[in-house]
Amino acid sequence: MSENVEMLIQRKRQLSWNHLLLTFTLFSAVPVLAQPANFGTLTLGSNNASGSLNGATGGSTSLPAIVSNSDRHDKKCLGFADPKPDHLLVLQKPFSKLRLKVNSGDKETTIVIKGSDNSVRCGDNSNASNKGAILEDGDWQAGTYQVWVGSIEPGVRQNYRLVVQGN
């Protein structure tokens, strides 16, 4: 009988260990959206359809490695940034169109946005007369979006102002 009791005790210890391991695994897999942003959050809603945030480029991780090689329109995602998003953009309501512009002085920048549904949108300065990135797109659903502002070369630090306008 003591052999059966010992086997039950060992089994209970094993189950407790497995439960602990499962709990650790679940909490270590918290999605990136749970991480705070490097430079802050901008919330847009019915009372405010625009705003701005300041930040600085400077990461050395390839943005395509963080999100995707291309966005939902097959536009290439370019640049280097910190793996942690620079900003969170919280939309309290859907927006038919948003324009995001990075004012970065004379440094080339890129912008990458990832939605809570894992959709990706990428922008750069290829169609602009200045070197700051621009992203204009439609069909923005309410939710939280991760925003990275990148530099064309890894590790280049450049202060910027991100301006967001919706309608």
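Okay, quick definition before we start: when I say helix or strand, I mean a DSSP run, at least four residues for a helix and at least two for a strand, numbered from the N terminus. On that basis, this protein has two helices and eleven strands. And keep in mind that what you're looking at is a predicted model.

So how confident is the predictor here? The mean pLDDT is 84, and 77% of the residues get to 70 or more. The stretch to watch is residues 15-34, where pLDDT sits below 50. Leaving aside near neighbours in sequence, that stretch makes five contacts in the model.

Now the layout. If you walk along the sequence, you read α-β-β-β-α-β-β-β-β-β-β-β-β. Take the contacts with a separation of 6 or more: 75% of them are between residues 24 or more positions apart. Of the 167 residues, 35% are buried. The accessible surface is about 9,700 Å², and carbon and sulfur atoms hold 52% of that.

The strand I'd like you to zoom in on is β5, residues 87-91. Is β5 mostly covered or mostly open? Mostly covered: four of its five residues are buried.

And which strands does β5 pair with? One is β1, residues 41-44, which lines up with β5 in the parallel sense through four bridges. If you want a spot to click on, Thr 43 has Val 90 of β5 as its bridge partner. Another is β10, residues 143-151, which runs antiparallel to β5, with five bridges joining the two. There, look for Leu 91, standing opposite Gly 143 in β10.

Okay, that's my bit, over to you.

Note on methods:
Residues are numbered from 1 along each chain as its sequence is written. This is a predicted model: local features need pLDDT of at least 70, side-chain atom pairs count only at pLDDT 80 or more; totals for chains, interfaces and linings use all residues. Side-chain values use heavy atoms; hydrogens and water are left out. Buried means under 20% relative accessible area, exposed over 50%, partly exposed in between (1.4 Å probe, protein chains only). Two strands pair if DSSP finds at least two bridges between them. pLDDT is the predictor's confidence in each residue, from 0 to 100. Contact means heavy atoms within 4.5 Å. Accessible areas come from the Shrake-Rupley method with a 1.4 Å probe; for residues, only the protein chains shown count as cover.
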